[in-house]
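Here are my notes for you on this fold, written as numbered points. Have the picture open beside you and tick the points off as you go.

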Amino acid sequence: MARVLVIEDDQEMAEAIGVGLRRAAMVVDIALDGPRGRAMALRNDYDVIVLDRDLPGLHGDAICTELLDVGCRSRVLMLTAAATMHDLVDGLDRGADDYLPKPFDFPVLVARIHALVRRAQPALPPVLRHDDLELDAAQRRARRNGRRLDLSPKEFGVLELLLGSRGRVVSSEELLERVWDEAADPFTHAVKIAVSRLRSKLGDPPVIETVPKAGYRI
């Protein structure tokens with residue numbers, strides 16, 4: 001499940017992008033000005049940062065340059081009302097990975113983000129499998145022994161991350177960071193509850209192992 005930061009000062013547009021990306025099964029945080037966006041980008045591990053260029057408080061160019069300087073692994077998709085070739089080249093020179101002029105078609109934005117996510121993360125097979133358990137990330141479907149699993153978005157995200165980790169232990173903190181958004185309370189029992197419900201839906205024999213004081217693994 002991709003985690004995306006949207007830094008956009010037009011609140012209506014930022015919220016519309018957030019709603020659309022969440023419907024596309026992404027975890028989304030939103031910042032409405034430059035300083036807030038910069039702080040979130042440096043503090044959290046995002047796959048993609050959708051960055052408006054003309055931001056109050058701190059220009060998007062400055063944020064992009066700083067992210068490049070500190071070695072941030074997030075891919076940057078720059079949004080701007082300026083659409084000349086000079087603006088495109090300038091944005092890419094500052095470290096942006098892609099560039100989309102406003103106005104834009106939302107399906108194009110989603111496709112560009114998906115392309116950047118594939119570059120940001122190690123390549124995984126389109127369908128993840130473990131014994132009789134199968135998860136198709138593109139179709140948002142999971143099955144066990146041929147039976148369709150009715151999973152919530154969070155349960156699906158947890159299962160996708162655990163299967164994609166291929167036996168590696170995944171901590172509760174990593175699950176919270178990758179599947180929930182920044183608003184999630186780090187002291188919440190949300191991960192524990194989601195894993196418990198997921199186990200119930202997966203049925204027997206159990207496939208999710210709890211590793212004491214470490215996390216979970218398939």
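1. Let's start with a helix on a sheet. Helix α2 lies across β1, β2 and β3, running at about 145 degrees to β2. Lying across here involves contact, meaning heavy atoms within 4.5 Å. For the angle, axes are lines fitted to C-alpha atoms (for helices over the stretch in contact), and angles run from 0 to 180 degrees between N-to-C directions. The helices (H or I, at least four residues) and strands (E, at least two) are DSSP runs, numbered from the N terminus.

2. A word on where this comes from: it is a predicted model, where local features need pLDDT of at least 70 and side-chain atom pairs count only at pLDDT 80 or more, while totals for chains, interfaces and linings use all residues. Residues are numbered from 1 along each chain as its sequence is written, and side-chain values use heavy atoms, with hydrogens and water left out.

3. Now the sheet under that helix. What is the order of its five strands? Reading across, you get β2-β1-β3-β4-β5, an open sheet with parallel pairing. At the edges sit β2 (27-31) and β5 (98-101), each pairing on one side only. From one strand to the next, the twist averages 20 degrees. Two strands count as paired if DSSP finds at least two bridges between them.

4. Zoom in on one pair: β3 (residues 48-52) and β4 (residues 75-80) run parallel and are joined by five bridges. Look for Asp 52, whose bridge partner in β4 is Leu 79. Helix α1 (residues 11-23) also packs here, lying across β1 (3-7), β2 and β4 at about 170 degrees to β2.

5. Back to α2 (residues 34-43), which has a helix partner too. Its axis and that of α3 (residues 60-69) come within 10 Å and cross at roughly 20 degrees. That makes α2 roughly parallel to α3, a label for angles under 35 degrees (over 145 is roughly antiparallel, 65 to 115 roughly perpendicular and the rest oblique). On the α2 side the contact uses Gly 34, Arg 38, Ala 41 and Leu 42, and on the α3 side Ile 63, Glu 66 and Leu 67. Those residues divide into four nonpolar, one polar and two charged. Here Ala, Val, Leu, Ile, Met, Phe, Trp, Tyr, Cys and Pro count as nonpolar, Asp, Glu, Lys and Arg as charged, and the others, Gly among them, as polar.

6. There is also an open sheet of four strands, in the order β6-β7-β8-β9, with antiparallel pairing. β6 (127-130) and β9 (147-148) each have a single partner strand, so one side of each is left without a neighbour in the sheet. Four bridges join β7 (residues 133-136) to β8 (residues 141-144), and Asp 136 stands opposite Arg 141 in β8. Helix α6 (residues 153-164) lies across β6, β7 and β8, at about 110 degrees to β7.

7. One residue to click on is Val 195, in helix α8 (residues 190-202). Is Val 195 buried or exposed? Buried, because its relative accessible area is 1%; the cut-offs are under 20% for buried and over 50% for exposed, with partly exposed in between (1.4 Å probe, protein chains only). Leaving aside neighbours within four places in sequence, Val 195 touches Val 158, Ile 208 and Tyr 216. Val 158 is 37 residues away in sequence, yet 7.4 Å away in space, C-alpha to C-alpha.
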